[in-house]
Amino acid sequence: MVLELICWIFLGCIIGLFTGLAPGIHVNTIAAIAITMQFSNPLGASLMIASMSIVHCFADLIPSILLGAPKEENFLAALPGHKMLLKGKGLLAVRLAATGALATGIISLAFIPVFLLLILKGEKFFSAIIPFALVFVLGTMVFCEKEFEKKIWAIIIIVLSGILGLIVLGGKIFVQEPLFACITGFFGAATIIESIRKKSVLPKQCRKKTKINSKDALEGGALGFIAGIITTILPATGSSQSAFILQKIFGKIRAKKFLVLIGGSSISNVVFGFAGLFAWEKTRNGSAAAIRGLIGLSQQNLVMIMIACAIALGFGFIATGIISKLFIEKIEKTNYKKINLAILSLLCALVMLLSNGFGIIAFITATSIGLIAVSKKSRRTNCMAFLMIPTLFFYLGLQ
Amino acid sequence: MPLKPSWEKTALAVSIAGIACLFFAQNYFQAEQLTIGEIEKEKNGTLVETKGRINQLGENEKTLFFELFDGNKIFAIKFNPTTEERKIARENKFVKITGKKELNGKKPEIIIEKISLWEP
């Protein structure tokens, strides 16, 4: 019986590697398929989904950082990660994010009772202050720009991104996979087009195992833990948005620590999603929804899920380190421009396949806005208004 | 490396044109009128319009939710309902709702955008 469950967990780990490495494939897609299937061992299937979700967060870092093909959970990792890649430090970027994922995963599992207590006591308070927090963050996005002209362009990008978000996320038209289409445009296609235009050359990547500052790892891990709490408390807030809000609240976070934070925030989102399911029977992600449909919400099952998550943390961290080295060896041997063109073509094909006509228009619009941000040297994170403004409208009761 | 001015203008024009296209599409996009049984076969995110009787009404500060019944039943939820909408949605009233079909776990539900009274 125990051996069978371990096999289910490792099966989930392998599937998670696949879903994480493949652009356009979301763990929620696999979870949604799982709901429709009949399993001989529902507990085993639940452990498979849990471990798959955790390993997916690790593996996802590789295409985001090394190929510039981000997904919804950690698209902000693509920006500092890509910069480090072009400085020959791509492997370090992946290690930082994976370290964050591991550190935050351990902290999250250890502090689940604290998380549950915070949620019970603080949910109403956090929900009340979030509109003010969002307005504050939007304001700092503009005022952080040093020159007057850049402030104007920041406002233009925020307004354009915000309107796009309001239309595709809350409007009447049916946009299939709106998040994927727009995030791919803002943070994927725009980055790759910039690389192609600049005729970027991938420098030789440093393979020296740089020691990661343990203070950065712990602080980033703790911030990832807090980001997970924010994501759980606030509907319409994803792991990358929480990381972004924390960056604004705590002031400038260095790129390395930010990568640790981003890596951690997606993991804590998954772990707390499972804890929240068992505590309040509410689902915040597709994996939790799939598990709810398979097994009873007992304490024993929660413990089993957490054990699966712990095993998957170790597997994901080790596998990411190995696969990222193999990836780097492959891409260093290939013409970087060809890689960029191939990735851009793949992203366009995925948008056309997964989305509909409106999604393609949204993708093109988001890419254009991302290119304006690049051209005007405005922070690309200003495009986050795409998610923040609809969230603000939701909390203000306007949507 | 900044884009050439012609590229910048093109990017700005494309982004505004894209937003305008999507904005005007909203006004011309009609919801599909379906029965509750037919809604279950639709894809997630499809805008639908349906009618039925309100059962098992519930509400709190931010939401209004109920089961809509026309022989089949479906869960419907309205976020941030107005006072007018709260008055319309009463137990056993017949209403017409427009909204997006989504899946909550395995069960379909409608995220309501508009609700109005309906005389059967």
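The following exercises, each with a worked solution, concern a predicted model and the contact between chain A and chain B.

**Exercise 1. Describe the secondary structure and the burial of chain A.**

Solution. Begin with the secondary structure: chain A has 17 helices and zero strands. Turn next to burial: 60% of its 399 residues count as buried. Then consider the surface: about 15,900 Å² of chain A is accessible, and carbon and sulfur atoms hold 70% of that area. Finally, examine sequence separation: among contacts in chain A with a separation of 6 or more, 82% join residues 24 or more positions apart.

**Exercise 2. Determine how many residues of each chain meet, and what area is buried between chain A and chain B.**

Solution. Count the residues: 36 of chain A are in contact with 30 of chain B. Then take the area: about 3,000 Å² is buried between the two chains, with 66% given by carbon and sulfur atoms.

**Exercise 3. Identify the salt bridge between chain A and chain B, and then the helices of chain A that touch chain B.**

Solution. One salt bridge is counted between the chains. Its partners are the side chains of Lys376(A) and Glu8(B), with an N to O distance of 3.0 Å. This distance satisfies the criterion, because a salt bridge requires the nitrogen to lie within 4 Å of the carboxyl oxygen. Two residue pairs are in polar contact between the chains. On the side of chain A that touches chain B, helices H8 (148-170), H13 (286-292), H16 (357-375) and H17 (385-395) each supply at least two residues. The largest share, 10 residues, comes from H16(A). Sorted by class, this side of chain A has 21 nonpolar, nine polar and six charged residues.

Key:
Residues numbered from 1 in each chain as written. Chains lettered and ligands numbered in written order. Predicted model: local features only at pLDDT ≥ 70, side-chain atom pairs only at ≥ 80, totals over all residues. Heavy atoms only, no water. Helix = DSSP H or I, 4+ residues; strand = E, 2+ residues; numbered from the N terminus. Buried < 20%, exposed > 50% of the residue type's maximum accessible area, 1.4 Å probe, protein only. Contact = heavy atoms within 4.5 Å. Areas by Shrake-Rupley, 256 points an atom, 1.4 Å probe, with all protein chains shown as cover. Buried area = accessible area lost by both parts, 1.4 Å probe. Polar contact = N/O pair within 3.5 Å; in protein donor to acceptor, adjacent residues only side chain to side chain. Nonpolar A, V, L, I, M, F, W, Y, C, P; charged D, E, K, R; others polar.
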